[in-house]
Amino acid sequence: MSGKILRYFAGGNTAKGFYSLYDSNLVNVERVLLLTGRSQNEKSAIMEQLLNKWKNHIGLIEIIHRANHPDQIEGFIIREKGFAMIDADPPRIIGEEYVGPEWETIDLEQEDRTAKLEANQPEIELLQRKMKEQYEKAYEAYGKALRIHDDWEGIYIGKMNFTKADQVTEDLLANLFADTKKTTAKKSTILRRFLGAATPVGAVDFVDNITESLQNRYFLKGRAGTGKSTLLKKVVAEAEKRGYDLEIYQCGFDPESLDMVLIRELGWAVFDSTAPHEYFPDRSGDVIIDMYELTVAPGTDEAFAEEIAHIEAKYREQMKQGKKHLAEAKELQDQLEDLYSKCFDHSHIDSIYDELEQSLPL
């Protein structure tokens, strides 16, 4: 596509279950088409066709990827046109916080299509039930991993110099806002997203895409519990106090933690650059801030090496189990998609696409 593409996730498979951030991104989008229907492949195909048609006429397109199939589009937003199209079926939660004046639902199902599935309904229900069980097992595994991670964090929290951590934060804030005078009564616009997600193929992230146009990137390094998320929350508080618009990328594992804070107006991002989204400086303007080196008592890794190795092994096993269950859920979804494809008359979808193409002012 010739226009700029911004890629992210708005929903994720987390230790707190499926977590939706859709409403944050759709606030103030005037027209939103909510696609509903059994087949997620059909919904993604319609969106991909439309984007291919418009690619030479749009400056910026935000593409939202599926956490359960990261190569597929789950939705897109074209802010310059005040328009979005989203797969609105569960588990996504859309419209709880905000519904715009021109939001409408487009149901891809018709009675004749549904009738063709009646003979297959027992098989469909079985596949859906098995898929739900696999997601529940994945979330259970990620929940266990988070509790294990808390033990991992406890080791470093016990050896952390909080005075030094506060100084690191103050120095960074002074640097981030050094050339700015802006302090207004304006309320910050905050867009909350995920830069990455747990998927059936493992962790997937879009850090390079999200930060490609920025002049400065601050890579937070360090072990679990060394204050990276806390630092990011303080960056958010300072930015809000000054009235800047923010993109906040929450942690795809523990959505109550933060992975990245970004202010495009100032041209910088600060982000947790540790596994599973570990990056290293590769251009001018990239800076490493190592919270372990700067704030934790020297020799902590060595002193607790055996305990850390034991905790890490337990953690990785639960993460591996979570991925396995997501992959099994994806296989079941693929079986459902094959069944739908055999039963559905796709000319109906073609007519919906033609209607959308003609009616949308893009």
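**Exercise 1.** Work out how α5 and α7 lie relative to each other: they turn out to be oblique, and your job is to show why.

*Solution.* This is a predicted model, where local features need pLDDT of at least 70, side-chain atom pairs count only at pLDDT 80 or more, and totals for chains, interfaces and linings use all residues. Residues are numbered from 1 along each chain as its sequence is written, and side-chain values use heavy atoms, with hydrogens and water left out.

Start with the axes: helix α5 (residues 162–176) and helix α7 (residues 228–242) come within 10 Å and cross at roughly 40°. Now the cut-offs: under 35 degrees is roughly parallel, over 145 roughly antiparallel, 65 to 115 roughly perpendicular, and the rest oblique. So α5 and α7 count as oblique. Their crossing is right-handed.

**Exercise 2.** Check the span of helix α2.

*Solution.* Take 1.5 Å times one less than the number of residues. For the 15 residues of α2 (residues 40–54), that should give 21 Å, and the end C-alpha atoms are indeed 21 Å apart. Next, pick out buried residues (under 20% relative accessible area, 1.4 Å probe, protein chains only): α2 has several, including I46, L50 and W54.

**Exercise 3.** Is C343 buried or exposed?

*Solution.* First place C343: it sits in helix α10 (residues 305–343). Its relative accessible area is 15%, so C343 is buried. Finally, look along the chain: E355 is twelve residues from C343 in sequence, and their C-alpha atoms are 23 Å apart.

Notes. Helix = DSSP H or I, 4+ residues; strand = E, 2+ residues; numbered from the N terminus. Buried < 20%, exposed > 50% of the residue type's maximum accessible area, 1.4 Å probe, protein only. Axes fitted to C-alpha atoms, helices over the stretch in contact; angles between N-to-C directions. Left-handed = near helix turned anticlockwise from the far one by under 90°.
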